[in-house]
Amino acid sequence: MFNRESVDFLKVMNKITNSMVLNYPITTGRTESADIAYKFDLSKYDTDGFENPIGIYDLSTFLNIFGLCDEDRDVNIDNNSITVSDSTTSVKFLTSATSVLSPYEFKQEQFDKTNEFPSVLEMSLTAEDIRKLKSASATFRELDTAVISCDDSVELSLTQIGKFKKSSNSFRIKKNEESTKKFNIGISLETLSKIPQVDYTLIVKYNESRDAYRIILKTDKIDGLSLVISVKNVE
């Protein structure tokens, strides 16, 4: 339970969120700002599971306690605490009531519903694409939104949106894929900065009744992880 592989995986998740309700084997949830929903399978990393949900308000603190004990350690779960110990050291971490963490819930059914909507684009989003977007945003600090544009071609770009839009600087990456629908959707750079920098398959889902889009990110680089990204229409 909470072996090295699962702790290392949760350190990756900690870049996305610092509060979650852990369930075994499948955990689903969303960030405080509700810009990213996630689903992952802990059994990919640890076959020793646990029965009841574990509420963790401060994931970074929780992960730090494992570094205070030797690799050969025991982990015991009580009703409201987790104790990590080795031959000389014992650390107790108080868990949070799952009801307190309800703002971070995103049910499995919500993931399934998003998957059921039609796909209008499937393309690669590489680690290099993400690196370039982040680097360009550091160069042009006023550009605050990553945009996926689908018209005659598919492009990734950076732009400035909002009432006081004034920048004429730009950055674009042309993609080889084709879309079945014309659209322009934006992802805030704050959201983009949270996702692990690996290769993804990016799938754009379209809910016609609400004229709304969502992005699903799947990756073979982080086993058992999928993400749903909130987006907004861009003029």
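Good morning. I begin with strand β14, residues 212-218, which runs antiparallel to β15 and is joined to it by five bridges. Please keep in mind throughout that this is a predicted model.

Within this pairing, Arg214 stands opposite Ser230 of β15. The hairpin that β14 and β15 form has six residues between the strands, and Gly224 there adopts a positive phi near 85°.

On β15 itself, residues 225-230, five of the six residues are buried, so the strand is described as mostly covered. Which other strand is joined to β15 by five bridges? That strand is β3, residues 36-41, and the two run antiparallel. Here Lys39 has Ser226 of β15 as its bridge partner.

Strand β3 also leads us to the interior. The largest nonpolar core comprises 61 residues, and Phe40 is among those with the most contacts inside it, together with Phe2, Leu22, Phe62, Ile148, Ile215 and Leu227. Leaving aside residues up to four places away in sequence, Phe40 touches residues including Phe9, Leu10, Met13, Met20 and Leu22, and also Gly224 and Leu225. A second core, separate from this one, has six residues, including Phe106, Phe111, Ile216 and Val228.

Let me turn to the open and enclosed spaces. The largest pocket has a volume of about 430 Å³. Its lining consists of 20 residues, and the closest to the pocket centre are Phe106, Thr114, Phe117, Arg210 and Arg214. Two or more lining residues come from each of β3, α3 (108-116), β13 (200-207), β14 and β15. Phe106 was named a moment ago in the second core, and Arg214 as the residue opposite Ser230.

How many cavities of 30 Å³ or more does a search of the whole structure find? The search returns two. The largest cavity holds about 90 Å³ of space. Of its 13 lining residues, Leu125, Ile187, Leu192, Ile195 and Leu202 are the closest to the centre. At least two lining residues are supplied by each of β9 (145-150), α5 (189-194) and β14. Strand β14 therefore contributes to the lining of the largest cavity as well as pairing with β15.

Finally, the cysteines. A disulfide is a covalent bond between the sulfur atoms of two cysteines. A search of the whole structure finds zero disulfides. Are Cys69 and Cys150 buried or exposed? Cys69 has a relative accessible area of 9%, and is therefore buried, the cut-off being under 20%. Cys150 also counts as buried, because its relative accessibility is 3%.

Thank you for your attention.

Key: Residues are numbered from 1 along each chain as its sequence is written. This is a predicted model: local features need pLDDT of at least 70, side-chain atom pairs count only at pLDDT 80 or more; totals for chains, interfaces and linings use all residues. Side-chain values use heavy atoms; hydrogens and water are left out. A nonpolar core is a set of buried Ala, Val, Leu, Ile, Met, Phe, Trp, Tyr and Cys residues joined through side-chain atoms within 4.5 Å. Buried means under 20% relative accessible area, exposed over 50%, partly exposed in between (1.4 Å probe, protein chains only). Contact means heavy atoms within 4.5 Å. Helices (H or I, at least four residues) and strands (E, at least two) are DSSP runs, numbered from the N terminus. Two strands pair if DSSP finds at least two bridges between them. A disulfide is a pair of cysteine sulfur atoms within 2.5 Å. On a 1 Å grid over the protein atoms alone, a cavity is a set of points where a 1.4 Å probe fits but cannot get out, and a pocket is an open set with protein on both sides within 12 Å along at least five of seven lines; lining residues have an atom within 4 Å of a point. Grid points are joined across faces, edges and corners, and a volume is the space filled by probe spheres set on the points.
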